[in-house]
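Here's a quick briefing to read with the structure open beside you. It goes through the contact between the chains, then a sheet, a helix and a few individual residues.

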Amino acid sequence: MEPQEKVLVSKDFLSTTHGEIACESCHGGKPASMDKAAAHAGMDPHPSINTPGKACGECHGEIVATAKDSLHATLSTFPTVLKSRANMDKWGHIDEARKNHCAGCHTSCGGCHVSRPKFAGKGFVKGHIFQKRSDPLNQCTACHGSRVGNEFYGQRGQGDVHAAKAAMDCVPCHQAGEMHAAAPPHLKGRYDLREMVRCTDCHKDLEYGSVRDHAIHIGKVQCQVCHSQTYVNCYSCHVGKDSDGMAFFQNRRETESMKIGRNDDETTTGAGYRYMLVRHVPSDAEMFDFYGKGGFTNFGNTPTWKRASPHNIQRRTWQAANCNNCHGNRGLFLSDADLLDYEKEANRKVLVSDEILPKAVTKTRKLSIDTSKVRTGMVVDARWLHDNPKEKNLVVIDARDRAAYEKGHIEGAIHFNPLESDLRSGGDAEKPFVLAPHKNVAEILGNKGIAADNHIVVYDQNGVLAGPLLAILEWAGAIHVSYLNGGIEGWHDAGFHTSAEPSTREVRPFNGTVRPEFVVDSDTLALLLGKRGVVVLDTRLIDRTLGMTKHEKASRAGTIPGSTNVPLGALYMENGFLKTPAELLWMLGTYGVTPDKTVITTCDTGVAAADSFFILRYLGFPDVRVHEEAWVVWSRTR
Amino acid sequence: MKRNARLHASALAGLLAAVLASSVLAAEPSGCIICHLDEAMIVKNLSGARAKTSAMQSGSG
């Protein structure tokens with residue numbers, strides 16, 4: 001959003017009820033002056049935060065009376081948790097840090113009904129027109145993005161069934177009664193808020209229904225234990241101020257996983273179960289050291305693995321696909337090995353020890369997943385690459401942006417970002433983002449020193465650039481291509497070094513034979529739509545397929561009729577690792593995407609489609625094709 | 001009784017003045033609107049505005 005757009009008022013606002021109120025009634029300032037500084041003297045850009053009673057309460061008194069004390073407005077549970085860990089002699093330092101780094105996340109009436117919240121960069125959502133219903137993208141997930149938004153709309157994982165199947169946004173669950181509710185003093189945590197939404201508000205009396213597993217598990221496990229996907233965990237937040245005095249925070253590591261912990265407080269309303277999902281929060285005993293050391297001498301009082309309610313609900317999940325995907329699965333339950341040294345005491349109550357780990361079930365039907373067709377050579381791990389640097393014909397490609405490559409790459413890797421090359425047409429071309437003629441692609445590859453008979457290993461940060469390059473290489477005729485599982489993070493995790501010394505290869509002829517069967521245009525796709533045995537796999541985010549957003553080059557929002565949406569994020573983990581072939585095949589099967597079908601992958605520009613093409617090829621799908629024109633061209637022509 | 005009547009009268013007069021004043025305010029768009037409807041003027045006034053996030057910030061909030 002451009003800076004001027006943030007404060008540009010829509011003419012339509014003037015004809016709304018709020019548009020009839022003089023600006024200065026809420027914001028103050030000196031409207032008679034035409035000089036910017038003089039006009040803004042004494043002006044309050046955030047009246048609903050600073051003077052909610054006056055700005056909003058005159059008309060909406062009943063709502064403001066409670067909303068001014070709501071969790072969104074006060075973040076009152078932050079000091080509660082901080083105090084539980086604090087050396088109260090140092091509370092002054094801690095509270096200063098809290099105000100500088102944590103309190104900025106709070107919001108009030110305006111942040112949910114007029115503007116993007118302060119933390120999310122501010123700016124009017126709709127030219128200062130007040131919206132009764134909060135905007136899920138510009139408001140709710142503008143703040144709750146890295147966890148909730150990414151999980152809900154499929155940036156990470158499959159997305160949430162409530163969005164994908166029922167087109168629900170945040171409000172149907174998180175209604176005004178909850179959002180405007182006053183948080184009682186000393187509220188332990190947000191789950192303790194009486195008005196907090198719970199799954200059982202809609203999904204009632206499941207224990208008496210026809211699903212056997214509900215009857216067995218309700219009362220023992222939190223709903224999300226069976227119905228969530230993996231989610232992100234953050235580590236080691238540290239705060240400080242830069243040389244300009246600007247406050248900053250640094251979350252130093254994010255990992256995607258799932259951990260089941262013991263419920264350490266069954267007294268919370270609706271939480272009388274034994275097991276719950278836990279997420280690592282980035283608390284660290286030294287995180288506020290910038291303001292004064294020794295603030296958290298009681299760090300062990302409160303867990304750093306906290307109850308989680310990931311917003312990525314699915315009816316069917318991998319951990320619930322079979323009893324023993326969960327029972328007896330030590331890695332799924334929080335153990336001592338998951339804890340860092342400084343947090344062992346804090347998490348004692350949420351650990352699941354070997355003694356109480358649910359035992360494997362002896363009588364259960366095994367899952368039947370055929371992994372025999374998986375092309376295992378299309379994925380290599382860091383250890384293999386490290387131990388085989390001299391493999392004949394090996395070419396290693398770093399597909400990240402140049403700055404990342406120059407900072408440090410796997411020694412010997414050449415740099416080749418497919419989106420910064422001429423492998424495809426540009427965004428302003430008559431047909432944007434389609435493959436260049438094979439002759440041109442072969443020449444580009446040859447100039448990079450790549451030949452079709454090389455063993456080409458590609459890596460990046462998260463698979464999003466490596467996957468499309470691997471797909472283009474296969475289309476161009478490369479016969480042995482591999483993805484480095486986990487990319488550069490996997491390499492670092494394995495303890496291997498990187499180099500800043502750039503590498504190049506001698507120019508050579510690529511000599512590949514094009515595989516035209518790997519690509520379809522929109523005409524061919526239209527003929528195949530609805531045919532038996534054909535699946536059109538749309539790998540875009542859920543908000544795209546719901547028509548909430550569109551690519552800037554597309555003529556309209558929408559989706560190809562009859563396509564099946566599985567966001568690309570369902571195929572990769574956060575750090576570019578792939579889930580196991582069995583899990584991927586099972587998950588795709590729940591959408592009807594099975595190897596016996598012709599699968600045509602599509603997206604907005606062909607990038608995610610090419611990426612998922614590569615993964616399906618790896619999984620052994622015999623007939624996969626990329627709809628290279630994708631939605632951008634489709635939307636302009638159909 | 002008379003005192004109460006006087007009080008009521010002055011309260012009514014005050015209320016009337018407030019209603020009239022707010023009607024005037026409602027009828028005349030605030031001076032703020034003149035600028036905030038003019039994109040070119042805002043662009044001019046915002047030139048030189050600096051970023052509000054520290055370059056040292058990293059990771060998700």
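Chain A and chain B bury about 2600 Å² between them, and 63% of that area sits on carbon and sulfur atoms. On the chain A side, the residues that lose the most area to chain B are Q4(A), M246(A) and F249(A), which together make up 19% of what that side buries. Keep in mind that this is a predicted model.

**Where the chains meet**

- Chain A puts 29 residues into the contact, and chain B puts in 28 residues.
- How many salt bridges does the rule find across the interface of chain A and chain B? The count there is zero.
- Polar contacts do turn up: six residue pairs are joined this way between chain A and chain B, with both residues at pLDDT 80 or more.
- Four elements of chain A give two or more residues each to the side that touches chain B, namely α1 (3–7), α2 (23–27), α12 (145–152) and β2 (247–257).
- Of the elements, β2(A) supplies the largest share of that side, with six residues.
- Sorted by type, the chain A side that touches chain B has 14 nonpolar, six polar and nine charged residues.

**Chain B by itself**

- Chain B is built from three helices and has zero strands, so to speak an α-α-α run from the N terminus on.
- Of the 61 residues in chain B, 13% are buried.

**A parallel sheet in chain A**

- Five strands of chain A make an open sheet with parallel pairing, in the order β11-β15-β14-β12-β13.
- Why do β11 (519–520) and β13 (564–565) of chain A each have one side without a neighbour in the sheet? Both stand at the edges with a single partner strand, so nothing in the sheet flanks the other side of either strand.
- Starting from the β11(A) end, β11(A) pairs with β15 (residues 624–627) of chain A in the parallel sense over two bridges. Here V519(A) stands opposite V626(A) in β15(A).
- V626(A) also serves the next pairing, as the bridge partner of T601(A). That pairing joins β14(A) and β15(A), again parallel, over three bridges.
- Further along, five bridges hold β12 (residues 534–538) and β14 (residues 598–602) of chain A together, also in parallel. In this pair, V536(A) faces I600(A) of β14(A).
- As background for looking at these strands, side chains in a regular strand alternate between the two faces of the sheet.

**Helix α20 of chain A**

- Helix α20 (residues 438–447) of chain A has these buried residues: H438(A), V441(A), A442(A), I444(A), L445(A) and G446(A).
- What do the buried residues of α20(A) pack against? Their partner is α21 (466–476) of chain A.
- A general point helps when reading that list: an α-helix has 3.6 residues a turn, so residues three or four places apart point the same way.
- After α20(A) comes G449(A), with a positive phi near 85 degrees.

**Two buried residues with polar or charged side chains**

- S309(A) sits in the loop between β5 (305–307) and α17 (323–326) of chain A. Its relative accessibility is 18%, under the 20% cut-off, so S309(A) counts as buried.
- Leaving aside residues up to four places away in sequence, S309(A) touches R190(A), Y191(A) and Q224(A). With Y191(A), the side chain of S309(A) makes a polar contact of 2.8 Å.
- E583(A) belongs to helix α25 (residues 581–590) of chain A. E583(A) counts as buried because its relative accessibility is 16%.
- E583(A) and D242(A) lie 341 residues apart in sequence and 44 Å apart in space, C-alpha to C-alpha.

**Positive phi without glycine**

- D205(A) is not a glycine, yet its phi is positive at about 55 degrees. D205(A) is in the loop between α14 (176–179) and α15 (212–217) of chain A.
- Is D205(A) buried or exposed? At 54% relative accessibility, D205(A) counts as exposed.
- N393(A) is another non-glycine with a positive phi, of about 75 degrees. Look for N393(A) in the loop between α18 (382–387) and β7 (394–398) of chain A.
- With 36% relative accessibility, N393(A) counts as partly exposed.

How values were computed:
Residues are numbered from 1 along each chain as its sequence is written. Chains are lettered from A and ligands numbered from 1 in the order in which they are written. This is a predicted model: local features need pLDDT of at least 70, side-chain atom pairs count only at pLDDT 80 or more; totals for chains, interfaces and linings use all residues. Side-chain values use heavy atoms; hydrogens and water are left out. Contact means heavy atoms within 4.5 Å. Buried area is the accessible area (1.4 Å probe) that two parts lose on being put together, summed over both. A salt bridge is a side-chain nitrogen of Lys or Arg within 4 Å of a carboxyl oxygen of Asp or Glu. A polar contact is a pair of N or O atoms within 3.5 Å; within protein, one must be able to donate a hydrogen and the other to accept it, and residues adjacent in sequence count only if both atoms are side-chain atoms. Ala, Val, Leu, Ile, Met, Phe, Trp, Tyr, Cys and Pro count as nonpolar, Asp, Glu, Lys and Arg as charged, and the others, Gly among them, as polar. Buried means under 20% relative accessible area, exposed over 50%, partly exposed in between (1.4 Å probe, protein chains only). Two strands pair if DSSP finds at least two bridges between them.
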